[in-house]
Amino acid sequence: MITKNIQLAADKLKDGEILAIPTETVYGLAANAYSEDAVKKIFDLKNRPNNNPLIVHIKSYDFLQNVALDIPDAAIKLAREFWPGPLTLVLKKQAHIPDLVTAAKETVAVRMPNHPMSIALLEKLDFPIAAPSANPFGSISPTSAEHVYHYFKDNLDLILDGGHCEKGIESTIIGFQNNEAILYRHGSISVEEIERVIGKIKIMTKNETAPEAPGMLSKHYAPSTKIFLSDDIHELIKKHSGKKIGLLSFDKQIIGVDILHQEILSSTSSLEQAAYNLYSALHRLDSYNLEVILAERLPNVGLGKTINDRLERATK
Ligand code: TXA
Ligand code: MG
């Protein structure tokens, strides 16, 4: 059932059940983060490997001490600047956080979401919500209740409908090693914005990513249609001529070539708008029975880096 009834959602979580919830980034599959039994239902439904930890969503800055300890100064600065919002901090965990949530790591990923419905829901609960994105493992994240329904149909009882997610792309994940901040995942807050608050940070390269954050597999965020990415979209089109082509471009319509469907992410060249539209565009392109999706790389600044990261992973 798709509903806007927050009380119903709260009761379901208190009963140890799972449901989909809106956040400002993407929809999440939610469970009581303190209940290993409830969290297991998320892993089963998503078909997610157990070594891939979840993000714990909290209702207030004060609640942070219930899930994490030894919080570095830089983390406090970032939380004060960006919470509620699309920033996830990987911190030393409190012992009572179940191993299944953190993949038995010493750390826990935490964020305070900024969506009126998820905030109202958390306020009705005395436990935090563990929630990965509400999609089967490896596929494109959902940015609307309809996307979630399309994935899980009647295998998921309840979807809390909060409209299209305002940001449209996942949170930025920052971890700490020897008190040094490290970017684990590009996200809705650009590296430039993070660095404005705490100075230069280390960017984890793809190879380094694996041991720290097993979920950031190189193949991820992928449509089922094969996708190719290039700086030169015309060259790509030439290479695939004769095929049933769908096109994903940043800001310009490509004319005079044989394209079945084209998605333009932002006709005003706004990276924010492109991020908002990215997953919806990929979901649509994936539904058209195309042979290939050809995507244009975006300018590699700000949110362009996040979008390029997702497109690169989708091509693997
Ligand atoms: O915007 C978001 O972050 C959304 C919404 C629902 O909050 N959630 C989301 O969750 O994208 P998920 O599960 O799709 O991605 C969480 C990422 C995974 O790549 C996981 O490996 C990483 O967070 N992660 C979780 N706990 C971690 C930890 N203790 N150390 C390092 N990485 C961690
Ligand atoms: Mg995900």
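This report covers salt bridges in a predicted model.

The structure holds 16 salt bridges. Three of the pairs are set out below.

| Acidic residue | Basic residue | Closest N to O distance |
|---|---|---|
| Aspartate 70 | Lysine 92 | 3.1 Å |
| Glutamate 170 | Arginine 310 | 3.0 Å |
| Glutamate 192 | Lysine 305 | 3.5 Å |

Start with aspartate 70 and lysine 92, whose side chains form a salt bridge. Aspartate 70 sits in the loop between strand S5 (68–69) and helix H3 (73–82), and lysine 92 belongs to strand S6 (residues 87–93), so the bridge ties together parts that are 22 residues apart in sequence. Aspartate 70 has 56% relative accessibility and counts as exposed. Lysine 92, at 40%, counts as partly exposed.

Next comes the salt bridge between glutamate 170 and arginine 310. Glutamate 170 is in the loop between strand S9 (159–160) and strand S10 (172–177), while arginine 310 is in helix H11 (residues 303–315); the pair therefore ties together parts that are 140 residues apart in sequence. Are these two residues buried or exposed? Glutamate 170 is buried, because its relative accessible area is 3%, under the 20% cut-off. Arginine 310 is buried too, with a relative accessible area of 1%. Both residues belong to a network of salt bridges that also links Asp309 and Arg313.

Helix H11 also holds lysine 305, which pairs with glutamate 192 of helix H7 (residues 191–198). This salt bridge links distant parts of the chain, 113 residues apart. Glutamate 192 is partly exposed, with a relative accessible area of 29%. Lysine 305 is also partly exposed, at 25% relative accessibility.

Note on methods:
Residues are numbered from 1 along each chain as its sequence is written. Chains are lettered from A and ligands numbered from 1 in the order in which they are written. This is a predicted model: local features need pLDDT of at least 70, side-chain atom pairs count only at pLDDT 80 or more; totals for chains, interfaces and linings use all residues. Side-chain values use heavy atoms; hydrogens and water are left out. A salt bridge is a side-chain nitrogen of Lys or Arg within 4 Å of a carboxyl oxygen of Asp or Glu. Helices (H or I, at least four residues) and strands (E, at least two) are DSSP runs, numbered from the N terminus. Buried means under 20% relative accessible area, exposed over 50%, partly exposed in between (1.4 Å probe, protein chains only).
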